[in-house]
Amino acid sequence: MDGVGSFGAGRTGSTVDPIAFAKQPQTILRVLSWIFSLVVFASIVNEGYVNVGSERLYCVFNKNADACNYGVFVGLVGLLACSFFGLLDYKFSSISSIKDRKKAVMLEIGFSGFWAFLYFVSFCFLANQWSRTTPEEVPLNQGADAARAAIAFSFFSIITWAGLTVRAVQKYLLGTDMSLFTTEHLDGAAPTQPYPSNSPVGGTTETTETYQSPPFTENNAAPTYQVPIY
């Protein structure tokens, strides 16, 4: 019975319709989060470092290397996590154990909520460092678009990862649909037969047998003694 209709998924081994799966709100949020993470990561890696009069590259965010490193880290890990959880969503119905499904949902809740928080920190951190950047320190014409893109899509990622957290919580609250155990799972099973009654067919009750006398009755008793005549 493990894995039957638990945590928002169908019965174990049920086929997944790719079109219906792609239209699910959770899948759409997952794809958007993947795209946003890719933009944050690629923007900083490709144009987030500028050359200021020397061979050394500086981070476009106020020459603060920590800001670029943090943005690259959050974007790259978010990109990989979206790929992992997307595959897990597609294979979720094939997980037969209810305990394993529960662990997967709890892992998604924890990670999605934590990553929404990290993207909030990324947005605040990058926006703060960008507001302190001056043209004298960093030529803004070189990495301005990349910096703005990283900040904007960090903000968008907060929304999508928060949405994924909400969807995961809803899936967890669904728990196990026990109605499937009494309907679908038991279909085709032989009905339980009641214990047969002691009464014979026809509804008549069995009469109590009459008491039979023992083989030695009064009729077979020994004759009375007669006094002989002399």
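This passage describes the fold, the annotated spans and selected local features of a predicted model.

The chain comprises 230 residues, of which 33% count as buried. Its secondary structure amounts to six helices and two strands. Read from the N terminus, the elements follow the order α-α-β-β-α-α-α-α. When contacts between residues at least 6 apart in sequence are considered, 81% of them join residues at least 24 apart. The exposed surface of the chain is about 15000 Å², and carbon and sulfur atoms supply 62% of that area.

The UniProt annotation "transmembrane region", taken from an unreviewed entry, covers residues 31-50, 70-88, 109-130 and 150-169. The secondary structure of two of these spans was examined in the model. Residues 31-50 are 85% helix and 10% strand, and the end C-alpha atoms of this span lie 31 Å apart. Residues 70-88 are 100% helix and 0% strand, with the end C-alpha atoms 27 Å apart.

Helix α4 is formed by residues 98-131 and has 34 residues. From its first C-alpha to its last, helix α4 reaches 49 Å, which is close to the 50 Å expected at 1.5 Å a residue. The N-terminal end of α4 is capped by Ser-97, which places a side-chain oxygen 3.3 Å from the backbone nitrogen of Lys-99.

One disulfide is present in the structure. The disulfide is formed by Cys-59 and Cys-68, and the two sulfur atoms are 1.9 Å apart. The angle about the S-S bond is 85°, and the link of Cys-59 and Cys-68 is right-handed. Both Cys-59 and Cys-68 are buried. Two further cysteines were assessed for exposure. Cys-82 has a relative accessible area of 3% and is therefore buried, the cut-off for this class being under 20%. Cys-124, in contrast, is partly exposed because its relative accessible area is 35%, a value in between the limits of 20% and 50%.

The loop between β2 and α3 contains two residues with unusual backbone angles. Most residues other than glycine have a negative phi. Asn-62, although not a glycine, has a positive phi of about 60°. This residue is placed in the loop between β2, residues 57-59, and α3, residues 65-90. Lys-63 is likewise not a glycine and has a positive phi of about 55°. The loop between β2 and α3 also holds Lys-63. With a relative accessible area of 36%, Lys-63 is classed as partly exposed.

A polar residue of helix α2 was also examined. Gln-26 lies in this helix, which is formed by residues 25-47. The relative accessible area of Gln-26 is 7%, so the residue counts as buried. The side chain of Gln-26 makes a polar contact of 3.3 Å with the side chain of Asp-89. When residues up to four places away in sequence are not counted, Gln-26 touches Asp-89, Glu-108, Leu-164, Arg-167 and Lys-171. Asp-89 thus appears both in the polar contact and among the residues touched by Gln-26.

Definitions and conventions:
Residues numbered from 1 in each chain as written. Predicted model: local features only at pLDDT ≥ 70, side-chain atom pairs only at ≥ 80, totals over all residues. Heavy atoms only, no water. Disulfide = S-S within 2.5 Å. Buried < 20%, exposed > 50% of the residue type's maximum accessible area, 1.4 Å probe, protein only. Helix = DSSP H or I, 4+ residues; strand = E, 2+ residues; numbered from the N terminus. Contact = heavy atoms within 4.5 Å. Areas by Shrake-Rupley, 256 points an atom, 1.4 Å probe, with all protein chains shown as cover. Expected span 1.5 Å × (residues − 1). Polar contact = N/O pair within 3.5 Å; in protein donor to acceptor, adjacent residues only side chain to side chain. UniProt positions renumbered as here; feature names shortened; annotations may be inferred.
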